[in-house]
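Trainee: Before we look, could you help me understand how descriptive words about a protein are tied to values and cut-offs?
Mentor: Gladly; let us take the words one at a time and set each value against its definition.

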Amino acid sequence: MEVKSCKSCGKLFNYLAGPLICESCKDALEKKFQEVKEYVRDHKDVPINRVSEECEVSVKQIKQWIREERLVLVEGSGVCIECEMCGQPLLTGRFCNKCKAKVQDNLRSAYPSRKAPEPTKSQKSNGNRMRYLDF
């Protein structure tokens, strides 16, 4: 466990993992998230700058919640972000469906598929005896 300084308020806290903010700032940020979520739900066609002003949250923080898929916007919303690969408008996440598929295919091809080991002759011919798998 490390002692770090909170990026938001400057207070020292025990850092375990995640963003470098203390528990009280995390709680305040979560309250702001709920406020933004309700505001976006009630005002579907409002641009992101207005959401930022009305809820007193930075545009950067709102976009981060959208990229984390915590905020999911509705079609026709005034708030949108772009795919990090192709720039297509998104309602949530970092990548559009087409780019997600490309990334998944690249990851699958990077690692060969793992097959179960073939049984040896001694394992096949033991009849009804107990068998042990070698890993």
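**Reasoning from values to words**

Mentor: Glu56 lies in the loop between helix 2 and helix 3, and please keep in mind throughout that the model is predicted.

Trainee: Why is Glu56 called exposed?

Mentor: The relative accessible area of Glu56 is 65%, and exposed means over 50%, so Glu56 is called exposed.

Trainee: What makes the phi of Glu56 worth pointing out?

Mentor: Phi of Glu56 is near 55°, which is a positive value in a residue other than glycine. Most residues other than glycine have a negative phi. Another residue to set beside this is Glu69, with a phi near 65°, again a positive value in a residue other than glycine.

Trainee: Where is Glu69, and why is Glu69 called partly exposed?

Mentor: Glu69 is placed in the loop between helix 3 and strand 3 (81-82). Its relative accessible area is 42%, and partly exposed covers what lies between the cut-offs of 20% and 50%, so the term for Glu69 is partly exposed.

Trainee: How do you know whether Ser52, in helix 2 (residues 48-55), is buried or exposed?

Mentor: Buried means under 20% relative accessible area, and because the value for Ser52 is 13%, Ser52 counts as buried. Across the protein, buried residues make up 22% of the 135 residues.

Trainee: Which residues are in contact with Ser52, if neighbours within four places in sequence are left aside?

Mentor: With those neighbours left aside, Ser52 is in contact with Val57, Ser58, Val59 and Ile62. For Val57 there is also a distance to consider, as its backbone oxygen lies 2.4 Å from a polar atom of the side chain of Ser52.

Trainee: What makes the approach of the side chains of Glu84 and Arg94 a polar contact?

Mentor: The distance given for this polar contact is 2.8 Å, and the cut-off for a pair of N or O atoms is within 3.5 Å, with one able to donate a hydrogen and the other to accept it. Leaving aside neighbours within four places in sequence, Glu84 is in contact with Arg67, Arg94 and Phe95. Glu84 and Phe95 are eleven residues apart in sequence and 5.9 Å apart in space, C-alpha to C-alpha.

Trainee: Where is Glu84, and what term fits its accessibility?

Mentor: Glu84 lies in the loop between strand 3 and strand 4 (89-90), and because its relative accessibility is 40%, which falls between 20% and 50%, Glu84 counts as partly exposed.

Trainee: How do helix 1 (residues 23-42) and helix 3 (residues 59-67) pack, and why is helix 1 called roughly perpendicular to helix 3?

Mentor: Their axes are 12 Å apart and the packing angle is about 80°. Angles of 65 to 115 degrees count as roughly perpendicular, so helix 1 is roughly perpendicular to helix 3.

Trainee: Which residues meet there?

Mentor: From helix 1 come Leu29, Lys32, Phe33 and Val36, and these meet Gln61, Ile62 and Trp65 of helix 3. The residues of this contact divide into five nonpolar, one polar and one charged.

Trainee: What pattern does the protein follow along the sequence?

Mentor: The protein has five helices and four strands, and along the sequence they follow the pattern β-β-α-α-α-β-β-α-α.

Key. Residues numbered from 1 in each chain as written. Predicted model: local features only at pLDDT ≥ 70, side-chain atom pairs only at ≥ 80, totals over all residues. Heavy atoms only, no water. Axes fitted to C-alpha atoms, helices over the stretch in contact; angles between N-to-C directions. Helix = DSSP H or I, 4+ residues; strand = E, 2+ residues; numbered from the N terminus. Parallel < 35°, antiparallel > 145°, perpendicular 65-115°, else oblique. Contact = heavy atoms within 4.5 Å. Nonpolar A, V, L, I, M, F, W, Y, C, P; charged D, E, K, R; others polar. Buried < 20%, exposed > 50% of the residue type's maximum accessible area, 1.4 Å probe, protein only.
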